[in-house]
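I sat down with a fresh notebook page and a pot of tea to look through this structure. My entries follow, in the order I made them.

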Amino acid sequence: MIEVVLNDRLGKKVRVKCNEDDTIGDLKKLVASQTGTRPDKIRIQKWYIINKDHITLKDYEIHDGMGLELYYN
Amino acid sequence: MANRTDPAAKSIRGTNPQNLVEKIVRSKIYQNTYWKEQCFGLTAETLVDKAMELDHIGGTYGGNRKPTPFLCLVMKMLQIQPEKDIVVEFIKNDDYKYVRVMGAFYLRLTGIDSDIYRYLEPLYNDYRKVRRKSPDGNFILTHVDVVIDELLTTDYSCDIAIPRIKKRWTLESLGALDARKSVLEDDFEEEEEKDENEQDGLEEEAAHEKDYYRGRSPVRDRERDYRRDSHRHRDRDYDRDRDYDRERGRGRDRDRDREREGRERDRRDRDHGRRRIRSRSRDRKRHAHSSMSPRRHEAEDGNPPEESKKKKGKKEKKDDGTDHPDPEIAEANRIRASLGLKPLKL
């Protein structure tokens, strides 16, 4: 179980607990349930790399405590 | 400037009609090359030509949310605000199904409630195939009536939040609309009659049959049934009901529910009610409802009810980990379960 931090630099900072083998799509659903936006409106980025929905966190090498950028579509 | 709304246009729902589309999606449309090249200076007539060239519907797709031409043209319609006659012409035309869908979409966004029901419901009979672009960029097959159903029952389609309208039975009780009559109604009445004659005589049925043979039911009966089942038409699980019915070989019978005899079918279905409830709960999980009930957890675990009762004494025997001693983790697992994800691995 890892915990990632998502920050949209406009005031929303969310800590989400998830598994390493969750996909980005699942992470978006979890974030959506916490922030209240729709999951398909959320975009998770790491410095211009837009993370795709079907790839797992492990494959993106996202570790415990790592910070991701939260943007909106 | 090309992006300004026509100054003569009315405001829709109290705001600039272009504001029906959200800011981010709107910006994406304005930056899009199709919008800049093809949609510049379009009038109602030239818009029709562009609409005839459409070959798919959809919202935004891809990593950077590119809008589809369909969405750009809908935006153009919002900008120039064609007359209602023109929009109705779009809907009535039979040859170009994408023009029809576009007209229906625009009417759904801007029309008044009774108009929406009046013009969109005949489109339920149109079952032609339609290509739809999904958000990840692939094409999906759907049908015109599925799209219309989505417009009338959900509140979000093609990346636009659809305005709320009054429920159909509200308008019926106000007298603004007639009760819904499907084209397939006569066929279903014949079939129901056949089914009914084959049934064993139960007491209720005897009473129903008496009413039936006495002549057509009073409108009140039908209204009562419709009101009772109206939530089914608007329920999010309605699609599930329809698939379930289709499986059982009942075809496109959404109006069957309206008939009095539909009650008998429900009684027949009562044995399968459990399965029905389960599939509905699974569907609800997909829609991220987070209500809890022991039965739902059993459906998810796949354990028969007796086994999990025996194991109730021991902690963490539940597969979804919602009874973990740490309340934070239990809460996280509860949310994951409601979204359909596996529990956290600790």
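These notes cover strands, salt bridges and a charged patch, and I kept in mind throughout that the model is predicted.

**Entry 1: the sheet in chain A**

I began with the strand order. In chain A I found an open sheet of 5 strands, ordered S2-S1-S5-S3-S4, and its pairing is mixed. Which strands sit at the edges? They are strand S2 (13-18) and strand S4 (49-50) of chain A, each of which pairs on one side only.

I then looked at one pairing inside this sheet. Strand S3 (residues 42-46) of chain A runs antiparallel to strand S5 (residues 67-72) of chain A, and 4 bridges join them. For a landmark I noted Arg43(A), which stands opposite Tyr71(A) in S5(A).

**Entry 2: a hairpin in chain B**

Next I turned to strand S4 (residues 129-133) and strand S5 (residues 139-143) of chain B. They are antiparallel and joined by 5 bridges. One residue pair I wrote down is Val130(B), whose bridge partner in S5(B) is Thr142(B). S4(B) and S5(B) make a hairpin with 5 residues between them. In the turn, Gly137(B) has a positive phi of about 105 degrees.

I also checked Asn138(B), in the loop between S4 and S5 of chain B. Is Asn138(B) buried or exposed? Neither label fits: its relative accessible area is 47%, so Asn138(B) counts as partly exposed. I looked up its distance to Gly62(B) as well: the two are 76 residues apart in sequence, yet their C-alpha atoms are 9.1 Å apart in space.

**Entry 3: salt bridges**

How many salt bridges are there over all chains? The count comes to 21. I followed three of them by eye.

The pair I opened with is Asp53(A) and Lys28(A), whose closest N and O atoms are 2.8 Å apart. This salt bridge links distant parts of the chain, as the partners are 25 residues apart. Asp53(A) is in the loop between S4 and S5 of chain A, and Lys28(A) is in helix H1 (residues 24-35) of chain A. Their surroundings are worth a note: Asp53(A) is partly exposed at 41% relative accessibility, while Lys28(A) is buried at 9%.

After that I went to Arg168(B) and Glu172(B), a salt bridge with its closest N and O atoms 2.5 Å apart. Why are these two separated by about one helical turn? Because they are 4 residues apart in helix H9 (residues 168-174) of chain B. Both Arg168(B) and Glu172(B) are buried.

My third pair was Arg334(B) and Glu331(B), with 3.1 Å between the closest N and O atoms. Both lie in helix H18 (residues 327-339) of chain B, 3 residues apart, which is about one turn of the helix. Arg334(B) is partly exposed at 24% relative accessible area, and Glu331(B) is partly exposed too, at 36%. I then noted a network in which salt bridges with shared partners join Glu3(A), Arg15(A), Lys17(A) and Glu328(B).

**Entry 4: a negative patch**

Last, I looked at the surface of chain B. Asp186(B), Asp187(B), Glu190(B) and Glu193(B) gather there in a patch of negative charge. I picked out Asp187(B), which is found in helix H10 (residues 185-198) of chain B. Its relative accessible area is 44%, so Asp187(B) is partly exposed.

Methods
Residues are numbered from 1 along each chain as its sequence is written. Chains are lettered from A and ligands numbered from 1 in the order in which they are written. This is a predicted model: local features need pLDDT of at least 70, side-chain atom pairs count only at pLDDT 80 or more; totals for chains, interfaces and linings use all residues. Side-chain values use heavy atoms; hydrogens and water are left out. Patches are made of residues with over 30% relative accessible area and no salt bridge: like charges are joined within 9 Å, nonpolar side chains (Val, Leu, Ile, Met, Phe, Trp, Tyr) within 5 Å. Accessible areas come from the Shrake-Rupley method with a 1.4 Å probe; for residues, only the protein chains shown count as cover. A salt bridge is a side-chain nitrogen of Lys or Arg within 4 Å of a carboxyl oxygen of Asp or Glu. Lys and Arg count as positive and Asp and Glu as negative; His and the chain ends are not counted. The place of a charge is taken as NZ of Lys, CZ of Arg, CG of Asp or CD of Glu. Buried means under 20% relative accessible area, exposed over 50%, partly exposed in between (1.4 Å probe, protein chains only). Two strands pair if DSSP finds at least two bridges between them.
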